[in-house]
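Work through the exercises below with the sequence and the coordinates at hand. Each task is followed by a stepwise solution.

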Amino acid sequence: MPALVLLGAQWGDEGKGKATDLLGGSVDYVVRYQGGNNAGHTVVVGDQKYALHLLPSGILSPSCTPVIGNGVVVDPAVLLSELSGLNERGVDTSKLLISGNAHLITPYHQTVDKVTERFLGKRKIGTTGRGIGPAYADKINRVGIRVQDLFDESILIQKVEAALNDKNQILVKLFNRRAISAEQVVEEYLGYAEQIRDYVADTTLILNNAIDEGKVVLFEGGQGTLLDVDHGTYPFVTSSNPTAGGACTGAGVGPTKINRVIGILKAYTTRVGAGPFPTELFDADGEALRTIGGERGVTTGRDRRCGWFDAVIARYATRVNGLTDFFLTKLDVLTGWEQIPVCVAYEIDGRRVEELPYSQTDFHHAKPIYENLPGWSEDITKAKTFADLPKNAQGYVKALEQMSGAPISAIGVGPGRDETIQVNSFL
Ligand code: GDP
Ligand code: IMO
Ligand code: MG
């Protein structure tokens, strides 16, 4: 099983960090292929809790080589502080590899991200403010700065000056902000060059060779399917492709090399930031999910919006990612409800709709059609096998599997590494 993708099947925060870490000990490489430090992946190992933003969750497994692929946008200040934070906790980060083609986030991207949001007012996306959208915009606009540019001072100066030309006009004339000094940016970024140099490598070559040699490579998505710039709830999305195809472009590995695509699926639904969310709850149940599930953002500390499980979304994730398996997380959070509503379809302007509508207007009008599934009250956090689960919890998992279109191969019953029921092996 040389290459597998692990990605978010909903709006992010499904538990990708935990799932990646769980596999980390058995894989040779863990590769981030898109996004940047907008991600917040929590990994709990014993009594230690780690919050990773830019680094692949595999960095916590000593046998695994973590890789930041070309599709990622890298904030070098965040990278270095995340590395030193882990080093202080005794984690060896020396094996990290970074693609020289990955683009850099600079202070002007963060400024543009924040002022754009402020000027959007009520229509804001609710971004993480990390400069992700503006950095990807520069990449597509062919005025981005790449990791490799750090090692050629004259190129770096030219590129930063070119990028700041129009940005400073916009900042000063449109947003009434101070211009950003190209010199200062260059000086700061040259200071990062030597600290990063040893990690930089031809990651595409290394990963393709590894797969050809039968090594196991895991691609770890950030964000989630419904935050994908092409397949998500545009414009309320991030600016990259968390979906499975993003692993190919964001790491330079062809689709024929990928054998398995695992969707991480929360047993209910959450979302951070603005945008449509049909099963969102505004009542005591929503508050209970937030409290019991600890649904507060790892990156921005914002409360996550919470709602019941949405099978329409899960089916859509199966379709656009070609999912082979699901990893269902946080089943334990649902313990204690007598009945658990699950959205099986939408009602849109009086019609029953089984599949996610492509029309944004229709999706905004979608009202969930619920089926109530019987709940359970037994503690499930110690369950080790599917048979250990109470009958109604088994029924809930089976019902979700049937509605979602791919087998549920693992079930999370707690945040820890070992609080997982493995139904089918991933490797
Ligand atoms: P990610 O961004 O997809 O990696 O997810 P986050 O780390 O942002 O949010 C998931 C949260 O749920 C983290 O606090 C995890 O420790 C926690 N978590 C993951 N799986 C489980 C599970 O099965 N049960 C419980 N109770 N918590 C879980
Ligand atoms: P992980 O990897 C949840 C959301 C933001 C906002 C939108 C755009 O932890 O699942 P951006 O800063 O990316 O331009 O913001 O995307 N968002 C996330 N939501 N989990 C994430 O990452 C997210 N990364 C971005 O809240 O709505
Ligand atoms: Mg997260």
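**Exercise 1.** In which helix is the place of Glu 161? Then find the surface patch it belongs to.

Solution. The model is a predicted one.
- Step 1: Glu 161 sits in helix α5, residues 153–174.
- Step 2: its relative accessibility is 46%, so Glu 161 counts as partly exposed, since that class runs between 20% and 50%.
- Step 3: on the surface, Glu 161 joins Glu 183, Glu 187 and Glu 188 in a patch of negative charge.
- Step 4: helix α6 (residues 182–196) supplies the largest share of this patch, 3 residues.

**Exercise 2.** Which residues coordinate the magnesium ion (ligand 3), and is each buried or partly exposed?

Solution.
- Step 1: the donors are OD of Asp 13 and O of Gly 40, at 2.0 to 2.1 Å.
- Step 2: Asp 13 belongs to the loop between β1 (3–8) and α1 (16–24), Gly 40 to the loop between β2 (29–32) and β3 (41–45), so the pair ties together parts 27 residues apart in sequence.
- Step 3: Asp 13 has 23% relative accessibility and counts as partly exposed.
- Step 4: Gly 40, at 11%, is buried, because the cut-off for that class is under 20%.

**Exercise 3.** Locate Arg 142 and Asp 349, and state the sign of phi for each.

Solution.
- Step 1: most residues other than glycine have a negative phi.
- Step 2: Arg 142 has a positive phi, near 65°, and lies in the loop between α4 (132–140) and α5; with 75% relative accessibility, Arg 142 is exposed.
- Step 3: Asp 349 has a positive phi, near 50°, in the loop between β16 (339–348) and β17 (351–353); at 53%, Asp 349 is exposed.

Terms used: Residues are numbered from 1 along each chain as its sequence is written. Chains are lettered from A and ligands numbered from 1 in the order in which they are written. This is a predicted model: local features need pLDDT of at least 70, side-chain atom pairs count only at pLDDT 80 or more; totals for chains, interfaces and linings use all residues. Side-chain values use heavy atoms; hydrogens and water are left out. Patches are made of residues with over 30% relative accessible area and no salt bridge: like charges are joined within 9 Å, nonpolar side chains (Val, Leu, Ile, Met, Phe, Trp, Tyr) within 5 Å. Accessible areas come from the Shrake-Rupley method with a 1.4 Å probe; for residues, only the protein chains shown count as cover. A salt bridge is a side-chain nitrogen of Lys or Arg within 4 Å of a carboxyl oxygen of Asp or Glu. Lys and Arg count as positive and Asp and Glu as negative; His and the chain ends are not counted. The place of a charge is taken as NZ of Lys, CZ of Arg, CG of Asp or CD of Glu. Helices (H or I, at least four residues) and strands (E, at least two) are DSSP runs, numbered from the N terminus. Buried means under 20% relative accessible area, exposed over 50%, partly exposed in between (1.4 Å probe, protein chains only). Donors are N, O and S atoms within 2.8 Å of the metal (3.2 Å for Na, K and Ca); water is not among the atoms, so sites may look incomplete.
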